[in-house]
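Please open the structure in the viewer and keep the selection panel at hand. The tour below proceeds from one selection to the next and states what is found at each stop.

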Amino acid sequence: MATTTRVLSVTVPVPDQNRALEYYRDVLGCEVRYDGEPWPGARMIEVVPPGSSVGIVLLPPDSEIPVALRLGTHDAAEAFGRVRDAGSALHNDAPISIGDGSPMFFFDDPFGNGLVYIQED
């Protein structure tokens, strides 16, 4: 059985990533966990409140990076099969890895909410 190990991050859609970064960092006191391009032209910003392990990903609504709730799992391939067999809408044909990253896949829950499973060691 696929097990969700934890919530890794949630996405907040923002029309202006620089302004959002300033607000979450300078006003709300979040720390920047990541600010970069997982692939050219796709900027991803992740901030985290001090003491929290759950990140907040600041993405434009039309980003190529999924606006989704990111969940950890021990086995992305097994989770993929389980989610597929449940009839979930899948956005990948199989788990994918970006560069040397962990296997992951993007899907929707029955209500159209975006979810991503990311394999953790």
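**A guided tour of the predicted model**

Ring pairs link Phe80, Phe105, Phe107 and Tyr117 into a cluster. Please select these residues to begin, bearing in mind that the model is a predicted one.

**The aromatic rings**

Within this selection, keep Phe80 and Phe105. Their rings form an edge-to-face pair, with 5.0 Å from centre to centre and 80° between the planes. Which parts of the chain does this pair tie together? Phe80 belongs to helix α2 and Phe105 to strand β7, so the contact of the rings joins parts that are 25 residues apart in sequence. Are the two residues buried or exposed? Both Phe80 and Phe105 are buried. In the structure as a whole there are five aromatic pairs.

**The sheet**

Next, display the strands. Eight of them make up an open sheet with mixed pairing, in the order β2-β3-β4-β1-β5-β8-β7-β6. The edges are formed by β2, residues 31–39, and β6, residues 89–90, each of which pairs on one side only.

Now select strand β1 (residues 4–13) together with strand β4 (residues 55–59). The two strands run parallel and are joined by five bridges. To view one position in this pairing, select Ser9, whose bridge partner in β4 is Gly55.

**The helices across the sheet**

Select helix α1, which comprises residues 17–27. Helix α1 lies across β1, β2, β3 (42–48) and β4, and its direction is at about 10° to that of β3.

Then turn to helix α2, residues 76–85. Which strands does helix α2 lie across? They are β5 (69–73), β6, β7 (104–108) and β8 (114–119), and the helix runs at about 20° to β7. Phe80, visited at the start, is in this helix.

**The salt bridges**

The next stops concern charged side chains. A search of the whole structure finds five salt bridges, and three are visited here, beginning with Arg25 and Asp26.

- Select Arg25 and Asp26: their side chains meet in a salt bridge of 2.7 Å, N to O. Arg25 counts as partly exposed because its relative accessibility is 34%, whereas Asp26, at 51%, counts as exposed.
- Select Arg33 and Glu46, which form a salt bridge of 2.9 Å, N to O. This pair links distant parts of the chain, with Arg33 in strand β2 and Glu46 in strand β3, 13 residues apart. Arg33 has 40% relative accessibility and therefore counts as partly exposed. Why does Glu46 count as buried? Its relative accessibility is 9%, and the cut-off for buried is under 20%.
- Select Arg84 and Asp85, a salt bridge in which the closest N and O atoms are 3.2 Å apart. Arg84 is partly exposed, at 44% relative accessibility, and Asp85 is exposed, at 60%.

**The last stop: a loop**

Finally, select Gly101. Where is this residue placed? Gly101 is in the loop between β6 and β7. With a relative accessibility of 32%, Gly101 counts as partly exposed. To conclude, add Leu28 to the selection and display the distance between the two C-alpha atoms. Gly101 and Leu28 are 73 residues apart along the chain, and their C-alpha atoms are separated by 29 Å.

Definitions and conventions
Residues are numbered from 1 along each chain as its sequence is written. This is a predicted model: local features need pLDDT of at least 70, side-chain atom pairs count only at pLDDT 80 or more; totals for chains, interfaces and linings use all residues. Side-chain values use heavy atoms; hydrogens and water are left out. Two strands pair if DSSP finds at least two bridges between them. Helices (H or I, at least four residues) and strands (E, at least two) are DSSP runs, numbered from the N terminus. Contact means heavy atoms within 4.5 Å. Axes are lines fitted to C-alpha atoms, for helices over the stretch in contact, and angles run from 0 to 180 degrees between N-to-C directions. Rings of Phe, Tyr and Trp (its six-membered ring) pair if their centres lie within 6.5 Å; planes under 30 degrees apart count as stacked, over 60 as edge-to-face and the rest as tilted. Buried means under 20% relative accessible area, exposed over 50%, partly exposed in between (1.4 Å probe, protein chains only). A salt bridge is a side-chain nitrogen of Lys or Arg within 4 Å of a carboxyl oxygen of Asp or Glu.
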